[in-house]
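User: Could you take a close look at one part of this model for me, namely how the helices pack and where the salt bridges sit? I would like the cut-offs along with the values.

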Amino acid sequence: MTHNEDRSHWFKEGAIGLGVGILYGTTNVAVGHPFDTVKTKMQAQQGFEGSGMFRTFTKTLRTQGIVGLYRGCIPPLWGSGIYRSTQFAVFEAGYTFLDSSFGRWEFPLTGGVQMRVVIAEIGRASCRERV
């Protein structure tokens, strides 16, 4: 969401951030997990060491099918969905909650960085450390 339009209630913005974060986290795993599987096979599995990425990819597809590329993706899928959704929800809710004259105060010599951006980012970062 761009931060130029009128924002609704902080709870609604947090819920939107939660949904978007789940989509981002699951898409990240869906796209990246096959690459991680190929890398792990090249590093640790007997019979794949010394072969290139494309050879490992085709051998995995030939022997195990598409399922072989996504083997073990459920824990990262859950973890990434929860992790990203929490970050997005906390930032969006905090940013909207601080939509006041205090939150819109700009730090001098920063090119317009507002107080609410800094506080929402601190909340997001502390949430990131706990999840």
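Analyst: Happy to help; what follows goes through helix packing and then the salt bridges.

This is a predicted model, in which local features need pLDDT of at least 70 and side-chain atom pairs count only at pLDDT 80 or more, while totals for chains, interfaces and linings use all residues. Residues are numbered from 1 along each chain as its sequence is written, and side-chain values use heavy atoms, with hydrogens and water left out.

Let's start with helix 1, which covers residues 10–44. Helices here are DSSP runs (H or I, at least four residues), numbered from the N terminus. Helix 1 packs against helix 2, residues 53–64, at an angle of about 100°, and their axes are 10 Å apart. The axes are lines fitted to C-alpha atoms over the stretch in contact, and the angles run from 0 to 180 degrees between N-to-C directions. Helix 1 and helix 2 are therefore roughly perpendicular to each other; the classes are roughly parallel under 35 degrees, roughly antiparallel over 145, roughly perpendicular from 65 to 115, and oblique for the rest. On the helix 1 side, the contact (heavy atoms within 4.5 Å) is made by Val38, Lys41 and Met42. Helix 2 contributes Met53, Thr56, Phe57, Thr60 and Gln64. By class, this contact has 4 nonpolar, 3 polar and 1 charged residues. Here Ala, Val, Leu, Ile, Met, Phe, Trp, Tyr, Cys and Pro count as nonpolar, Asp, Glu, Lys and Arg as charged, and the others, Gly among them, as polar.

Helix 1 also meets helix 4, residues 74–97: their axes come within 6 Å and cross at roughly 150°. That makes the two roughly antiparallel. The residues of this contact divide into 12 nonpolar, 11 polar and 3 charged. Helix 1 passes helix 4 in a right-handed crossing (the near helix is turned clockwise from the far one by less than a right angle; anticlockwise would be left-handed).

Now for the charged pairs. Side chains of opposite charge can pair when their charged atoms come close. A salt bridge is a side-chain nitrogen of Lys or Arg within 4 Å of a carboxyl oxygen of Asp or Glu, and by this rule the count comes to 3.

One of them stays inside helix 1: Lys39 pairs with Asp36, with the closest N and O atoms 3.3 Å apart. The two residues are 3 apart in the helix, about one turn. Lys39 is partly exposed at 41% relative accessibility, and Asp36 is partly exposed at 35%. For these labels, buried means under 20% relative accessible area, exposed over 50%, and partly exposed in between (1.4 Å probe, protein chains only).

Another joins Arg116 to Asp99, where the closest N and O atoms are 2.8 Å apart. This pair links distant parts of the chain, 17 residues apart: Arg116 belongs to helix 5, residues 115–130, and Asp99 to the loop between helix 4 and helix 5. Arg116 is buried at 6% relative accessibility, whereas Asp99 is partly exposed at 29%.

Helix 5 also holds the pair Arg124 and Glu121, 3 residues or about one helical turn apart. Their side chains meet at 2.4 Å, N to O. Arg124 is buried at 17%, and Glu121 is partly exposed at 31%.
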